[in-house]
Amino acid sequence: MRNRATCFLFFLLAMGLSSCEKDDICVEGNTPLLVIDFINVAATTQLKNVNDLRVVGLGTTAVVNTTTDRTDVNTIRVPLKTNEDTTSFLLIRNSATNDAGAETGDVDTLMLSYERVEDFTSRACGFVVNYNNLSASLVGSADNWIDRALVVRAQVINSDSTHVQIFH
Amino acid sequence: MYRYFISVGSFLLLTVSLGIAQEDTIDLSPKDSIVYQQSYGLRAGVDLSRPIMSSLDDNYTGFEIVADYRLMEDLYIATELGTEDRTKQEDLYNFTTTGSYLKIGVDKNTYANWYGEQNSIFYGGRLAFSSFSQTLNSYQYFNSNRYWSPDGFALGSTETEEFTGRTASWLEFVFGTKVELFSNIFMGASIRLGFLLSDSDNARFPNLWIPGFNKVTDDSRFGVGYNYSISYFLPLYKKKKKPETLPQGE
């Protein structure tokens with residue numbers, strides 16, 4: 001009789017364990033966004049707002065969907081491409097559109113280069129991309145509103161801290 | 001005169017024969033010459049569920065041989081040997097696991113059979129090993145931001161990438177039954193709870209499924225499985241059943 005009770009309990013345990021699986025919803029991992037801070041070039045410990053900033057990925061016409069368009073901000077998060085080793089963004093200060101529909105703001109181009117590292121996070125998430133050896137450069141023109149770009153964290157594995165500082 | 005002789009003769013004969021008969025005392029508690037002997041031997045068969053699943057599911061192929069050997073009255077040495085091949089499409093990746101496994105352990109029968117029965121309801125344990133390879137067929141990158149790939153998750157790769165030489169070992173708790181359908185033909189079913197002891201190298205792509213163990217769950221070492229077997233019992237020798245000691249009444 002005791003054996004049967006043990007067996008029954010074992011059966012219940014087996015049923016319970018098989019149904020107590022994590023739901024197949026990815027919550028614990030993600031491809032990180034790049035965090036960019038805008039720093040005052042005159043006082044390099046202070047953040048400084050960029051007025052009416054618009055961020056557009058080079059090669060697209062859409063505004064980057066992680067920023068609020070044409071607002072004053074001192075930090076932004078931008079997505080990097082997962083299928084190429086470089087991503088360029090047009091950073092537009094004082095962004096506005098004239099009557100003809102053309103952009104009237106100051107356009108600077110920031111090019112980010114990196115190595116992509118695939119990381120298998122979990123059963124539900126599968127692979128995400130992390131970035132190593134990040135470097136940032138400005139595509140030159142004489143009248144840049146950006147003074148320089150500095151990589152402070154070359155490894156992008158999360159979006160918790162600043163990766164690139166832009167001095168202006 | 002003859003009548004006299006006959007009666008005297010028959011009287012003498014009767015007394016003599018009675019006298020002879022009296023020399024053999026009547027045994028009132030004779031020894032039972034019929035001894036109940038139970039068959040011991042090897043029982044071997046195949047799992048039915050795996051071939052059926054193989055024919056129903058295009059992404060699965062499996063086969064398992066089961067065998068046990070009756071060692072004692074209610075103790076069996078049991079083993080399962082199998083091979084499985086399974087392709088699984090997850091949300092963002094597709095992988096194939098191919099490999100074989102061996103499980104060795106004991107079963108303890110808890111079922112008290114009536115005279116002539118050979119059925120069992122058993123529990124037991126196994127030590128199991130699996131050797132397999134994982135093949136990552138294709139994958140996409142998970143990215144909650146779709147700015148650069150508005151039509152869907154960015155493609156990672158469609159080239160197959162094989163991880164060979166992977167191994168795993170686990171302990172298994174088994175609960176099951178084997179019932180004699182026809183003479184020496186047994187039908188069995190069991191459920192199994194596995195506890196993963198080790199699984200090798202999972203840096204790039206972990207072992208999400210192990211042949212014989214089934215699904216490996218994140219942050220858990222437990223797995224569940226089952227089988228339905230049909231097997232043939234080959235009797236090798238017979239042994240007398242131990243007399244049961246009945247509880248003595250007052």
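**Exercise 1.** How many bridges join strand E1 (residues 34-39) of chain A to E4(A), and do the two run parallel or antiparallel?

*Solution.* The model is predicted, so that local features need pLDDT of at least 70 and side-chain atom pairs count only at pLDDT 80 or more, while totals for chains, interfaces and linings use all residues. Residues are numbered from 1 along each chain as its sequence is written, and chains are lettered from A in the order in which they are written. Strands are DSSP runs (E, at least two residues) and helices likewise (H or I, at least four), numbered from the N terminus; two strands pair if DSSP finds at least two bridges between them. E1(A) and E4(A) are joined by four bridges and run antiparallel, with A:Ile36 having A:Ile76 as its bridge partner in E4(A).

**Exercise 2.** Place these strands in their sheet.

*Solution.* The order E4-E1-E9-E8 of chain A forms an open sheet of four strands with mixed pairing. Because E4 (75-78) and E8 (148-151) of chain A each have a single partner strand, they stand at the edges, and one side of each is left without a neighbour in the sheet.

**Exercise 3.** Describe the pairing of strand E1 (residues 37-47) of chain B.

*Solution.* With strand E11 (residues 222-240) of chain B, E1(B) pairs in the antiparallel sense over eleven bridges, and B:Ser39 stands opposite B:Lys238 in E11(B). With strand E2 (residues 60-72) of chain B, E1(B) shares five bridges, again antiparallel, and B:Leu42 has B:Tyr69 as its bridge partner in E2(B).
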